[in-house]
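Please follow this walk through a protein chain with the sequence and the coordinates side by side. The route begins at a single loop residue and widens from there.

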Amino acid sequence: MTASPGRPLRIESLRDPDLDSVTARQMGLPAAVRELHRSVLRAFLTTGQAPHRDDLPVDGGAGRDETFRALGDVDLVQLDTDGRVAVAYPFSGRPTGHTVHLDGGPVLHAMCAIDALGIPLMTGRDGVIVSADPGNGHPIRVERRGETWRWMPEDTAVLLAQRSGRYAAADCLLCPTITFHTSRSRAEDHLRRRPELTGVVLDQHQALVDAGRSFGPLLAPEGVSVEMLHTEGCANAIEFLPRLRELVASVDIVQPVRVRVITSPEQVRFPR
């Protein structure tokens, strides 16, 4: 495993759609690095295996070491000591206990429960997630068919938790603590019994929203961006922004909504 990156993903990263989410980190990278990241993700989807860094195309004139270093610095991709991809969120290069079977594709291993939910949402494909409650080993199955999700057991919940520290999510600190549980009460009990953890229990809707926000746009083609302008102290801006984000996500616009306060008429004049 590589050394811990400078900006390790935290549970806050999964819940922040603008400042530090997985998508925001990807979009903050140079175009060639973003494309390499997408190539890594597509390699997992095609083969179900962790690709080697030397087998992936690097464009844009940047060196291979520099490009992979840029992905590691923002904790999006980590290589093992042999140069094979060990982690490329949401994928793991080795079994984790969260498997995803997309229709017509190979078996995939997800880093955590949210990552497992993110794989069907990122690809737009149907499939089945198989995991287990870490407390009692009870099997958990989540199936996506179109817009319908079926959770078995029906009361399955997701624990979004982390240990203290400033390490990469993959270094046995973040991902192993984001887990499926057969019910909210079991997830809450698990959190109470682990004083080293801090976190929150998500219902099924919240878990899907967080997974879609984190991973949904990663493979979408780059295109237009959206910016919301508002005046200082505008009460409607706070109320409207969540709805705008939903609309933008629904049409697969990759870049997060930008928000800008305007202080003069000239700032809202657009070129003809």
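Asp75 lies in the loop that joins helix H4 to strand E1, and the model in which it is seen here is a predicted one. Its phi is near 55°, which is a positive value in a residue other than glycine. Most residues other than glycine have a negative phi. The position of Asp75 along the chain is just after H4, and Asp75 is buried, its relative accessible area being 0%.

From this loop one can step back into H4 itself, where Thr67, Phe68, Leu71 and Gly72 are buried. Viewed down the axis of H4, these buried residues fall within an arc of 140°, so they line one face of the helix. The cover over the buried residues of H4 includes helix H3 and strand E1, the latter spanning 77–79.

The relation between the two helices can be described further. The axes of H3 (residues 31–47) and H4 (residues 64–73) come within 10 Å of each other and cross at roughly 80°. Because angles of 65 to 115 degrees count as roughly perpendicular, H3 and H4 are therefore roughly perpendicular to each other. On the side of H3 the contact is made by Val33, Leu36 and His37, and on the side of H4 by Thr67, Phe68, Ala70 and Leu71. Sorted by class, this contact of H3 with H4 has five nonpolar residues and two polar ones, with no charged residues. Thr67, Phe68 and Leu71 are named both among the contact residues and among the buried residues of H4.

H3 also takes part of the sequence range that is approached from elsewhere in the chain. Leu219, found in the loop between helix H7 (204–215) and strand E12 (227–231), touches Arg38, Leu41, Arg42, Leu45 and Met122 when residues up to four places away in sequence are not counted. Leu219 and Arg42 are 177 residues apart in sequence, yet their C-alpha atoms are 8.2 Å apart in space. At 22% relative accessibility, Leu219 counts as partly exposed.

Two peptide bonds deserve separate attention. Most peptide bonds are trans. The bond from Tyr89 to Pro90, however, is cis, with omega near 15°, and Pro90 is found in the loop between strand E2 (85–88) and strand E3 (91–92). The bond from Met152 to Pro153 is cis as well, with omega near 0°, and Pro153 lies in the loop that connects strand E8 (148–152) with strand E9 (157–163).

What does Pro153 contact, leaving aside its neighbours within four places in sequence? The residues in question are His138, Pro139, Ile140 and Thr182. Pro153 and Val142 are 11 residues apart in sequence, and 8.7 Å separates them in space, C-alpha to C-alpha. With a relative accessibility of 24%, Pro153 counts as partly exposed.

Another loop position to consider is Gly137, placed between strand E6 (127–132) and strand E7 (139–145). Gly137 is partly exposed, with a relative accessible area of 45%. Its C-alpha atom is 9.4 Å from that of His181, although Gly137 and His181 are 44 residues apart in sequence.

His181 belongs to the range of strand E10 (178–181), and this strand, together with E9 and strand E11 (197–202), is what the buried residues of helix H6 pack against. In H6 (residues 184–192), the buried residues are Ala187, His190 and Leu191. Seen down the axis of H6, they fall within an arc of 100°, so they line one face of the helix.

With these places in mind, one can turn to the chain as a whole. The protein chain has eight helices and 13 strands, and 47% of its 272 residues count as buried. Its accessible surface comes to about 13,400 Å², and carbon and sulfur atoms account for 52% of that area. Among contacts in the chain with a separation of 6 or more, 62% are between residues 24 or more positions apart.

Notes: Residues numbered from 1 in each chain as written. Predicted model: local features only at pLDDT ≥ 70, side-chain atom pairs only at ≥ 80, totals over all residues. Heavy atoms only, no water. Axes fitted to C-alpha atoms, helices over the stretch in contact; angles between N-to-C directions. Helix = DSSP H or I, 4+ residues; strand = E, 2+ residues; numbered from the N terminus. Parallel < 35°, antiparallel > 145°, perpendicular 65-115°, else oblique. Contact = heavy atoms within 4.5 Å. Nonpolar A, V, L, I, M, F, W, Y, C, P; charged D, E, K, R; others polar. Buried < 20%, exposed > 50% of the residue type's maximum accessible area, 1.4 Å probe, protein only. Areas by Shrake-Rupley, 256 points an atom, 1.4 Å probe, with all protein chains shown as cover. Arc of directions from axis to C-beta.
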